[in-house]
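Subject: Structure for your review

Dear colleague,

Please find below the structure that I promised to hand over to you. My notes on what was found in it follow directly afterwards.

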Amino acid sequence: MKPTLFTVFVHAHLYIFFIFKNNFFFLVEKVLDIQRCDLNIKSNSSSHHTELYGEERLIVRRGQPFSIVLHLSPSKLDGCIYVSAGPLPRRESDTKVTFSLQESTVDTEWSASASKDASGGTITVSISSSPKAPIGEYTLTLDQLGQKTSLGKFTLLFNAWCPQDAVYMQSEEKRKEYVLAQHGLVYRGNFKRIKEKPWNFGQFEPGILDICLKILDDSPKFVPDADKDISSRNNPVYVTRVLSAMINSNDDRGVLVGEWADFSGGNHPSLWMGSGEILRQWAESGPVRYGQCWVFAAVACTVSRALGIPCRVVTNFGSAHDTDANLVIERLYDENGDRISGDDSIWNFHVWVDSWMTRPDLGTEFDGWQTSDPTPQETSEGVFCCGPASLHAVKEGEVAMKYDTPFIFAEVNADMQDLVRLSNGKFVKFSESTKSVGNFISTKAERHDITHQYKYPEGNISKTRFLQDFHKLLFIFFFFYFKIKLAKNMIVGSNFEVYAVLTNNFLDARTCNLLFFARAISYNGKLGDSCGFSSENLEVPSGEGLYDKNVLTVHVLKIYQYVHLIALYVISFMGNLILRLQLLGEARVNQPVTAQLTLLNSLPEPLLNCSFAIEGIGLTDEAQIIVMNLSYRVGTVGAKQEAKASIDFKPTITGSSVLLVNFDSDKLKNIKSFIDVVVKE
């Protein structure tokens, strides 16, 4: 008699064979009559923390047993299992493994056990995958004497609950936040005005997991050597690096197109409220337009969590982009205050992700959080990707450690120098700082400062501190101490005043020519139009004498978020805009409820093309959009008038969720708010 055989396929390439012989049970001289196979989806999902994916399919985590039940005519059963991966599995590459059916499963490798009920009508097969198995989609097939019976499919994910898995996290609270949480906040602005942006990660939304697996299959690494790529998916370091490249579309047909200037032909990055819509658009029609750093990072977080990798979104305020790897960001100006072209820059903020995993390629001291950055800034090994780099390596200055540690080290540690080119062609340094880069590094739903995880405090001496010989000089203008003061209670749409405070450190009074330039600036350091200029000769007394005077009025109508006062100060304006969101009545499943939205136009001129959009996991099927239709013409909100809207939505599931709202117009963009929603029966 030929043995009974189960086969499991992963992407039609990975196989598991259950071969039943005559060890535990009496031999049956006929093919087992299997009436049906129960994949135990509800029970398995609960024990594997995958119930949020739904009950339409079996999704399990590696290194942990799951069970299936075969309903059949009375018969006997025992056997062994054969596991192979890829189109050409080989024992030498650990893609082909054979093992026996045992009395119980083990948690270190692929194993299986079987038991039958007293009537003999069902056989329960318990299967435990290896904690080092490749993640992916499997199909289960029974082969008896050459007769094949399909038993169903399952998907295998990384397992943060399994101590033998490379992504294991000991804390249940952290597993809930970094694997299971579907909502979070992304921090933006600058270190003086940190603003939160709500985001729906939505890793458990229908269809998202399949899209995440498609991202791996569409990677350029899969096409030339599918066997090697599938085998490598057992390693979260490999998967994270692939995602870093595939979330942007620079080298392939990845998820997002980056854009920082012209947004025609796509969505402005500030309009996105969650990852689900982006991923669905990509799966249907290719690269999605457009994304910026927080969008790239949030989508990467969604995909990582969907695959089982613990992940957090991280914002670095004052983030250096060091193109020449000298760990100094040099900003060059002419005597008129105009920037001279240069590749180095300091972003007001930059957003990336940290993923939790071991680093056997580096050593146990480098385990833990690993930084990767899907925003396309520089190439790594010829591809626009970055990381994963160990946070321990970044903090200790171990810049030789892979991947891309020197670039990430510079993002949080580089020094800044401002230089002006005089009429004789010479450059004179007029300010220098070792404290402008890498501030208030933030993460978590309730903002948590993790700067200490990335770097030592400025001024501390460490044997690994790479920049210990730099001067601690902040805002020194030759022998004058120079400081900028701003008027209080700045209002969006209104001009505001800037004051200068100078201290003369010479022994006698001195006269200086004070030039002020104000320019609009994007968050990544790119300068825009001029919005203010002032020039004045000042006589400043020696010693403690202070000069405090309104030296500049900045005009803000033509800018959206930031002003750059050459070259010392960055101002954010959006803090006093409040988008009010209120639910009218209780939210109940499958019953309509109304969200009332209000925002005051604080500008002295009308807003055009105004709209509100709402989105919530389990609250709205798609992002629902309503265009303003007030007492003015459609889409217009007058100066100092309120934009109001009421949007009805129908929750589809009970429990806690978050409703996100976005306001957009021709002049005011990226105005966000959110409210917690508890949906009752």
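Strand S16, which covers residues 311-321, has 11 of its 11 residues buried, so the strand is largely enclosed by the rest of the structure. Please keep in mind that this is a predicted model. Strand S16 has an antiparallel partner in strand S18 (residues 345-357), and 10 bridges join the two. One position to look up is Thr315, whose bridge partner in S18 is Val351. Strand S16 also pairs with strand S23 (residues 439-443), again in the antiparallel sense, over 2 bridges. Here Phe317 has Asn439 of S23 as its bridge partner.

You may wish to place these strands within the whole chain. The chain holds 10 helices and 40 strands. Of its 681 residues, 56% are buried. Its accessible surface comes to about 29000 Å², and carbon and sulfur atoms account for 50% of that area. If we take the contacts between residues at least 6 apart in sequence, 66% of them join residues at least 24 apart.

Next, I would draw your attention to one sheet. It is an open sheet of 4 strands, paired antiparallel, in the order S3-S5-S9-S8. Which strands stand at its edges? They are S3 (34-38) and S8 (111-116); each has a single partner strand, so one side of each is left without a neighbour in the sheet. On average, neighbouring strands of this sheet are turned by 20° against each other, direction ignored.

The sheet can be followed from one edge to the other. Strand S3 is joined to S5 by 4 bridges, and the two run antiparallel; Ile34 stands opposite Leu72 in S5. Strand S5 (residues 65-72) has 7 of its 8 residues buried, so S5 is largely enclosed by the rest of the structure. S5 then pairs with S9 over 7 bridges in the antiparallel sense, and His71 stands opposite Thr122 in S9. Finally, strand S9 (residues 122-128) is joined to S8 by 6 bridges, and these strands also run antiparallel. In this last pair, Lys116 stands opposite Ile123 in S9.

Among the helices, I would single out H3 (residues 208-217). How many of its 10 residues are buried? The count is 7, so H3 is largely enclosed by the rest of the structure. The buried residues in H3 are Ile208, Leu209, Ile211, Cys212, Leu213, Ile215 and Leu216. For reading such a list, it helps to know that an α-helix has 3.6 residues a turn, so residues three or four places apart point the same way.

The last topic is the cysteines. How many disulfides are there? The count comes to 0. Cys385 serves as an illustration: the closest cysteine sulfur to its own is that of Cys386, at 7.4 Å, and this is too far for a bond because a disulfide requires the two sulfur atoms to lie within 2.5 Å. Cys385 has a relative accessibility of 7%, so Cys385 counts as buried. Cys293 is buried as well, with a relative accessible area of 0%. Both values fall under the 20% limit that defines a buried residue.

With kind regards

Key. Residues are numbered from 1 along each chain as its sequence is written. This is a predicted model: local features need pLDDT of at least 70, side-chain atom pairs count only at pLDDT 80 or more; totals for chains, interfaces and linings use all residues. Side-chain values use heavy atoms; hydrogens and water are left out. Buried means under 20% relative accessible area, exposed over 50%, partly exposed in between (1.4 Å probe, protein chains only). Contact means heavy atoms within 4.5 Å. Accessible areas come from the Shrake-Rupley method with a 1.4 Å probe; for residues, only the protein chains shown count as cover. Two strands pair if DSSP finds at least two bridges between them. Axes are lines fitted to C-alpha atoms, for helices over the stretch in contact, and angles run from 0 to 180 degrees between N-to-C directions.
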